Amino acid sequence: MALALKTEVHTYTHDEYLALEEHADTKSEYFKGQIFAMSGGSVNHSRIAVNVMVELGNDLQTTPCEPFNSDLRIWIRAHDLFTYPDISVICGNPDFYHTRTDTVTNPVVIFEVLSPSTQDYDRGQKFEFYRSIPSLRDYVIIHQEKIAVEHHHKVGLNRWLLTEYTDPDETLLIESIDFALPIRRIYARVSELADGASVS
């Protein structure tokens, strides 16, 4: 019987990962020395992200808070994770990772649009990682195949309150940034929702 050859797994440093990302065609996450490619998004995924960004940009432009798209990387110190949320909101000055201007550590709100391949991760382990960010107050998960929004709001030490929205006539309220967003606007132009749902 042949013996299996042992495969060495390379452990990347932060600097190695960040250098690779500067020249990569696609984004990758870094988790405790390992690099994982991130999947691309669908048309509806992009529509939802743009819809939310537009609303945030219009509503927050005269406040200390500012929305950023998925080009901005987040470093989560407690779990040694670099990742790219679909949307993040920072209030006040960004707290940069070392001297880099493309990586921050202090989001107040994070939005993720679910994809079939990542929904278990986004709703489970990734939320666990996000909860360790000291500045984070709200985590919003948006389904792209049905009208469903999950809003997790921090109400105390290790305590998060979940509010679910499934009616397009409801309004998502995020008190930490004084922001109200009608669910209908999140799903504007989004096609092929489950059960024939429509926001028109």
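Helices and strands are here DSSP runs numbered from the N terminus, with at least four residues for a helix and at least two for a strand. In the predicted model, Ile87 is placed in strand β6, and the chain as a whole has 5 helices and 13 strands.

The overall dimensions were examined first. The C-alpha trace spans about 60 × 45 × 35 Å along its principal axes. The radius of gyration is 18 Å, which agrees with the value near 16 Å that a compact globule of 200 residues would have. Of the 200 residues in the chain, 42% are buried. The chain exposes about 11,300 Å², and carbon and sulfur atoms supply 49% of that area. Among contacts between residues at least 6 apart in sequence, 53% join residues at least 24 apart. The chain carries 17 positive and 30 negative charges, and the mean positions of the two sets are 3 Å apart.

Strand β6 takes part in a disulfide as well as in a set of side-chain contacts. The count of disulfides comes to 1. This disulfide joins Cys65 to Cys91, with an S to S distance of 2.0 Å. Cys65 lies in strand β3 (residues 65–68) and Cys91 in strand β6 (residues 87–91), so the pair ties together parts that are 26 residues apart in sequence. The torsion about the S-S bond of Cys65 and Cys91 is about 100°, and the disulfide is therefore right-handed. The two cysteines fall into separate accessibility classes: Cys65 has a relative accessible area of 11% and is buried, whereas Cys91, at 25%, counts as partly exposed. The assignment of Cys65 follows because buried means under 20% relative accessible area.

Ile87, also in strand β6, has a relative accessibility of 2% and counts as buried. Leaving aside residues up to four places away in sequence, Ile87 touches Ala49, Val52, Met53, Leu56, Phe68, Val109, Ile110 and Phe111. Val113 does not appear among these contacts of Ile87; the C-alpha atoms of Ile87 and Val113 are 8.9 Å apart in space, with their positions 26 residues apart in sequence.

Ala49 approaches Ile87 from helix α2 (residues 43–60). Ala49 is buried, at 15% relative accessibility. With the same exclusion of residues up to four places away, Ala49 touches Ile87 and Val113. Phe111, one of the residues touched by Ile87, is 62 residues from Ala49 in sequence, and the C-alpha to C-alpha distance of Ala49 and Phe111 is 8.5 Å.

Backbone torsions were considered next. Most residues other than glycine have a negative phi. Asp80 is not a glycine but has a positive phi of about 50°. Asp80 is found in the loop between β4 (73–76) and β5 (81–83). A positive phi, of about 70°, also occurs at Arg189, which is likewise not a glycine. Arg189 lies in the segment after α5 (183–186) and is exposed, with a relative accessible area of 75%.

Terms used:
Residues numbered from 1 in each chain as written. Predicted model: local features only at pLDDT ≥ 70, side-chain atom pairs only at ≥ 80, totals over all residues. Heavy atoms only, no water. Rg over C-alpha atoms; globule rule 2.2 N^0.38 Å. Buried < 20%, exposed > 50% of the residue type's maximum accessible area, 1.4 Å probe, protein only. Contact = heavy atoms within 4.5 Å. Areas by Shrake-Rupley, 256 points an atom, 1.4 Å probe, with all protein chains shown as cover. Lys, Arg positive; Asp, Glu negative; His and termini not counted. Charge placed at Lys NZ, Arg CZ, Asp CG, Glu CD. Disulfide = S-S within 2.5 Å.
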